Amino acid sequence: MTVCTPDNLFKSNETLLNSDDDQVLPLRYPVICIDGPSGAGKGTVTWRLAQALGYQLLDSGALYRIVGLKAFEAGLISTDVSQEIDEMAILALTKNLDIAFVPNNESGRVDIIVNGEAVGEQVRNETVGGYASQVAVFPKVRQALLKLQQDMATRSGLVADGRDMGTVVFPDADVKVFLTASAEARAERRVTQLLNAGQIADFEEILATIKARDDRDENRTTAPSKPAEDALLLDSSTLDADMVYEQIKKHSQEKGIVFIR
């Protein structure tokens with residue numbers, strides 16, 4: 001395993017010879033995968049890890065939310081989950097999206113820019129989370145986003161936040177964590193988040209949405225959400241953000257990751 005330190009950082013254009021078939025493959029930097037359901041605290045700990053390590057941040061869930069949002073705006077999906085969806089139309093839309101994650105040190109969040117437009121607030125909307133689950137079931141859409149995500153690990157160290165980062169996207173990641181929490185705890189956190197933002201929040205409605213999304217994500221045929229066999233399992237139901245961060249930091253250090261902060 002290669003550790004990301006100032007003395008041994010890979011250059012993005014270096015290559016590695018695969019001895020099995022003599023293929024020339026790009027070297028990649030260290031990768032930390034934080035998987036788990038929405039509301040478990042993945043976004044917060046991913047941001048802190050990326051800042052402490054000087055790594056890129058990948059919010060893979062935002063990718064699917066972006067596709068879901070744009071598919072809804074294009075009339076390709078609706079709030080009616082029984083509506084038939086044209087996978088090839090979703091795929092064509094996906095391939096034409098220009099997506100950028102831009103760290104914002106003032107807010108402590110990542111600004112999401114799509115085709116030159118800031119869509120962070122829209123993408124984080126609870127309804128858009130449902131759109132994301134609708135488009136995430138399509139293998140061709142997932143494949144279109146897969147290479148984009150994997151390419152990020154050829155440019156610098158990466159902390160990837162998602163649901164199948166350690167099982168599908170980066171199965172050879174240096175560190176894998178599956179961060180979960182009860183549906184009730186996640187619903188309470190979402191209610192607090194919305195109320196703090198001045199929005200109306202109904203606990204029972206949010207809880208039902210979370211449970212429905214979990215069911216879709218855990219039981220889909222393609223890349224279901226589940227822990228990697230070698231992942232650290234961590235339940236954050238009764239843990240605060242600092243406790244989650246410290247446990248994952250300690251686990252990462254045990255795996256050879258060197259923190260610069």
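The following legends describe close-up views of a predicted model.

**Figure 1. Confidence along the chain of the predicted model.**
The chain has a mean pLDDT of 85, and 90% of its residues reach 70 or more. Residues 1-21 form a stretch over which pLDDT stays under 50. For this stretch the model has 40 contacts beyond four places in sequence. Where pLDDT is low, the predicted coordinates should not be read in detail.

**Figure 2. The largest pocket and its lining.**
The volume of the largest pocket is about 1300 Å³. Its lining consists of 50 residues, and those closest to the pocket centre are Ser 38, Gly 39, Lys 42, Gly 43 and Asp 161. Helix H1, which spans residues 42-53, provides the largest share of this lining, with seven residues. Classed by residue type, the lining of the largest pocket comprises 19 charged, 16 polar and 15 nonpolar residues.

**Figure 3. The second largest pocket and the helices that contribute to its lining.**
The second largest pocket has a volume of about 390 Å³. A total of 19 residues line this pocket, and nearest its centre lie Glu 126, Thr 127, Gly 130, Glu 205 and Thr 209. At least two lining residues come from each of helix H5 (126-135), helix H8 (183-196) and helix H9 (203-219). The lining of the second largest pocket is made up of seven nonpolar, seven polar and five charged residues.

**Figure 4. The open sheet of strands S5, S6 and S7.**
The three strands are arranged in the order S5-S6-S7 and pair in the antiparallel sense. Strand S5 (99-104) and strand S7 (117-118) are the edge strands, each pairing on one side only. The pairing of S5 with S6 comprises six bridges, whereas two bridges join strand S6 (residues 109-114) to S7. Val 114 takes part in both pairings: Val 114 of S6 is the bridge partner of Ile 99, and Glu 117 in S7 is the bridge partner of Val 114.

**Figure 5. The turns of the two hairpins in the S5-S6-S7 sheet.**
Four residues lie between the strands in the hairpin of S5 and S6. In this hairpin Gly 108 adopts a positive phi near 75°. The hairpin formed by S6 and S7 has two residues between its strands. Asn 115, located in the turn of the S6-S7 hairpin, has a positive phi of about 50°.

**Figure 6. The surroundings of Leu 234 in strand S10.**
Leu 234 belongs to strand S10, which covers residues 232-235. Because its relative accessible area is 6%, under the 20% limit, Leu 234 is classed as buried. Apart from neighbours within four places in sequence, Leu 234 is in contact with Phe 178, Leu 179, Thr 180, Leu 239, Val 244, Gln 247 and Ile 248. One of these residues, Gln 247, is 13 residues from Leu 234 in sequence, and the C-alpha atoms of Leu 234 and Gln 247 are 8.7 Å apart in space.

Methods:
Residues are numbered from 1 along each chain as its sequence is written. This is a predicted model: local features need pLDDT of at least 70, side-chain atom pairs count only at pLDDT 80 or more; totals for chains, interfaces and linings use all residues. Side-chain values use heavy atoms; hydrogens and water are left out. On a 1 Å grid over the protein atoms alone, a cavity is a set of points where a 1.4 Å probe fits but cannot get out, and a pocket is an open set with protein on both sides within 12 Å along at least five of seven lines; lining residues have an atom within 4 Å of a point. Grid points are joined across faces, edges and corners, and a volume is the space filled by probe spheres set on the points. Ala, Val, Leu, Ile, Met, Phe, Trp, Tyr, Cys and Pro count as nonpolar, Asp, Glu, Lys and Arg as charged, and the others, Gly among them, as polar. pLDDT is the predictor's confidence in each residue, from 0 to 100. Contact means heavy atoms within 4.5 Å. Buried means under 20% relative accessible area, exposed over 50%, partly exposed in between (1.4 Å probe, protein chains only). Two strands pair if DSSP finds at least two bridges between them.
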